[in-house]
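Walk me through this structure, starting at the ligand and working outward through the strands and loops.

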Amino acid sequence: MLIEIVKISPFDDQKPGTSGLRKSVKKFQTPHYLQAFVQSIFNSIEGLKGSTLVLGGDGRFYNREAIKIILRMAAANGVSKVLLGQGGILSTPAVSHLIRKYKALGGIILSASHNPGGPEGDFGIKYNIENGGPAPEAITEAIYQQSLRLEEYSIAGIQPMPMDKLGSFEIGDLLVEIIDPVTDYADYMETLFDFEKISELLGQADFSMLFDAMNAVTGPYAVEIFQNRLGASETSIMRRRPLGNFGGGHPDPNQAHAKDLMRHLYSATGPSFGAASDGDGDRNMILGNYFFVTPSDSLAIIAANAHLVPGYKDGLKGIARSMPTSQAPDLVAKKLEIPCYETPTGWKFFGNLLDDGRITLCGEESFGTGSDHIREKDGIWAVLFWLNLIAIKQNSVENIVREHWSMYGRNYYTRHDYEGINSAKANDLMDNLKEQLDSFIGKDFAGLKVVVADDFSYLDPVDGSKTEGQGIRIIFENDSRIIFRLSGTGTQGATLRVYVERYIQDVAQHDLDTQEALVELIAIASVLAEIPEYTGREKPDVVT
Ligand code: VG1
Ligand code: CO
């Protein structure tokens with residue numbers, strides 16, 4: 001095997017964000033750009049020589065090219081074995097599972113998740129460690145520091161790479177094993193959920209489901225699990241074929257980007273259950289007929305009912321939610337007398353809590369839910385959880401949610417995103433807010449008194465690491481909250497996220513329109529952060 005050492009000048013923009021390094025495809029196609037980041041990963045992890053890695057991606061444009069480069073580099077850097085998803089395909093949760101199941105050193109996932117794909121879209125790469133979860137801050141920072149001084153990378157010469165056929169091939173001393181991307185994952189799901197009960201539900205005349213794979217990675221997983229193993233009809237999976245550009249859309253499972261699915265569900269003859277997942281299969285949206293389940297509520301409801309589902313019948317050790325996620329899960333934790341942890345945004349912060357056995361379930365407002373079964377959020381898992389609950393309760397999605405609210409109260413919740421705004425202005429907006437935080441405390445806004453105004457920081461209870469600057473919190477006397485943060489996954493300019501929450505216990509008021517219920521808080525947010533002044537926008541681009 002011919003190994004080439006390629007000399008380069010270091011790149012200065014390879015700092016991983018909320019979830020890996022995410023840039024435009026064009027950027028990744030810059031000569032040596034991908035290679036430099038991969039070499040920085042390889043230089044930062046211990047035990048690489050002789051190790052096993054898992055590799056796969058969400059099938060977006062540039063996936064195959066990137067895989068070929070990474071395989072040649074793995075060979076040149078002394079990796080012994082790579083488990084590669086057939087055709088280069090693996091969902092994020094499947095990678096997490098495979099790392100754990102086959103005790104790999106780690107895994108490389110090629111995805112920009114919910115960001116659009118195609119030659120004009122985005123690409124991304126993230127490294128997961130041996131627990132199956134995203135590399136923690138200390139490692140992503142080490143990778144970044146490496147990239148700042150990286151002057152060469154090693155790569156094996158070009159050779160044939162038959163990645164579409166199950167089996168194996170060699171590149172020098174590296175053994176590449178092509179595995180079916182779905183089977184291990186599907187088998188694992190069968191151990192957590194009551195497939196028999198769910199398949200009975202799918203056979204009931206009064207039940208029907210529609211899953212939107214958004215032309216992204218979950219198509220093959222949905223076909224094997226919902227259709228082949230559970231007996232759902234062929235028409236119950238839409239946009240099932242993974243496409244390099246996701247059919248031109250944002251593979252983001254929310255009301256704004258899954259419009260067709262929404263239309264089907266908001267119709268008198270529509271299905272009783274709807275769901276969608278994102279580009280790399282870790283997010284989920286849950287819908288009932290004429291009904292949308294807020295992701296924060298979904299986590300709370302899953303937690304409250306987990307003991308009914310086989311994989312969770314022994315109850316929960318604890319729950320964790322990201323800071324901007326609504327406080328609905330906290331109320332469930334309180335009732336169950338288990339801890340509820342509040343972490344910064346991003347799945348990497350759940351890893352220690354899961355590994356240490358402190359929590360069983362965790363989730364984020366951004367359509368992410370998961371458990372200790374792997375170390376990533378898991379879209380198909382969440383859909384199966386809901387199907388299992390419906391099969392047990394024999395009730396509609398809407399009734400299940402309403403019953404939950406009547407018991408715990410309702411946390412009205414919305415997120416407003418201002419996308420592609422000027423980065424300098426976005427930073428100014430945040431700085432301006434930070435300067436005024438102290439002056440907000442004790443003040444009244446439209447009759448609401450501020451009790452906490454701070455910049456969220458997190459002390460990891462397991463390893464004692466501290467993470468600062470994780471979002472501005474304005475908390476009012478009645479537990480209502482407004483949170484401001486800048487996205488760490490966008491690739492153009494900055495994205496301001498404004499999260500708004502209000503708790504109402506009174507069942508008589510559980511029928512308000514979400515935006516109406518939050519109208520005062522939304523107005524306060526706009527004034528406090530001077531959103532129109534800094535962003536030049538009167539309205540958010542995406543409301544979820
Ligand atoms: C967003 C979400 C965050 C999620 C992250 C990765 O990050 O808000 O909750 O963990 O995406 O999700 P940000 O920094 O843009 O707000 V995924 O599905 O891209 O792996
Ligand atoms: Co994702």
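The paragraphs below take the ligand site, then the sheet, then the helix and loops.

This is a predicted model, in which local features need pLDDT of at least 70, side-chain atom pairs count only at pLDDT 80 or more, and totals for chains, interfaces and linings use all residues. Residues are numbered from 1 along each chain as its sequence is written, chains are lettered from A and ligands numbered from 1 in the order in which they are written, and side-chain values use heavy atoms, with hydrogens and water left out.

Start with ligand 1. Where does ligand 1 sit? Ligand 1 occupies the second largest pocket. A pocket here comes from a 1 Å grid over the protein atoms alone: it is an open set of points where a 1.4 Å probe fits, with protein on both sides within 12 Å along at least five of seven lines. A molecule sits in a pocket if more than half of its atoms lie within 2 Å of its grid points.

The shell around ligand 1 holds 21 residues, and the closest are Thr18, Ser113, Ser366, Thr489 and Arg497. A residue is near a molecule if one of its heavy atoms lies within 4 Å of it. How does the shell divide into nonpolar, polar and charged residues? There are no nonpolar residues, 10 polar and 11 charged. In this scheme Ala, Val, Leu, Ile, Met, Phe, Trp, Tyr, Cys and Pro are nonpolar, Asp, Glu, Lys and Arg are charged, and the others, Gly among them, are polar.

Three side chains make polar contacts (pairs of N or O atoms within 3.5 Å) with the ligand. A polar side-chain atom of Ser366 is 2.6 Å from an oxygen atom of ligand 1. For Arg485, an N or O atom of the side chain lies 2.7 Å from a ligand 1 oxygen. His114 has a side-chain N or O atom 3.2 Å from an oxygen atom of ligand 1.

Arg485 leads into a sheet. Arg485 stands opposite Arg497 in strand 26, and Arg497 is among the closest residues to ligand 1. Strand 25 (residues 481-486) and strand 26 (residues 494-504) run antiparallel and are joined by six bridges. Strands are DSSP runs of E, at least two residues long, and helices are runs of H or I, at least four residues long, both numbered from the N terminus. Two strands pair if DSSP finds at least two bridges between them. Strands of a sheet pair through backbone hydrogen bonds, either parallel or antiparallel.

The sheet is open and has seven strands, in the order 20-21-24-25-26-19-27, with antiparallel pairing. Its edges are strand 20 (444-445) and strand 27 (542-543), each paired on one side only. At one edge, strand 20 pairs with strand 21 (residues 448-455) over two antiparallel bridges. There Asp444 has Lys449 as its bridge partner.

Further in, strand 24 (residues 472-476) is antiparallel to strand 25, with four bridges between them. Ile472 faces Phe484 across this pair. Strand 25 is mostly covered, with five of its six residues buried (under 20% relative accessible area, 1.4 Å probe, protein chains only; exposed is over 50% and partly exposed is in between).

The hairpin of strand 24 and strand 25 has four residues between the strands. Asp479 belongs to this loop. Its phi is positive, about 75°, although Asp479 is not a glycine. Most residues other than glycine have a negative phi. Is Asp479 buried or partly exposed? Asp479 counts as partly exposed because its relative accessibility is 42%.

Another set of strands lies earlier in the chain. Strand 8 (residues 167-171) and strand 9 run antiparallel over five bridges, and Phe169 is partnered with Val176. Two residues separate the strands of this hairpin, where Gly172 has a positive phi near 60°. Strand 9 (residues 174-179) also pairs with strand 4 (residues 81-89), this time in the parallel sense, over five bridges. Gly85 stands opposite Ile179 in that pair.

Now the helix. Asn215 lies in the loop between strand 10 (209-212) and helix 8. Asn215 is not a glycine, yet its phi is positive, about 50°. Asn215 counts as buried because its relative accessibility is 11%. Helix 8 (residues 218-229) has several buried residues, including Tyr221, Ile225 and Phe226. Just after helix 8, Gly231 takes a positive phi of about 85°.

One loop remains. His257 sits between strand 11 (237-238) and helix 9 (259-265). At 22% relative accessibility, His257 counts as partly exposed.

Methods. A polar contact is a pair of N or O atoms within 3.5 Å; within protein, one must be able to donate a hydrogen and the other to accept it, and residues adjacent in sequence count only if both atoms are side-chain atoms. On a 1 Å grid over the protein atoms alone, a cavity is a set of points where a 1.4 Å probe fits but cannot get out, and a pocket is an open set with protein on both sides within 12 Å along at least five of seven lines; lining residues have an atom within 4 Å of a point.
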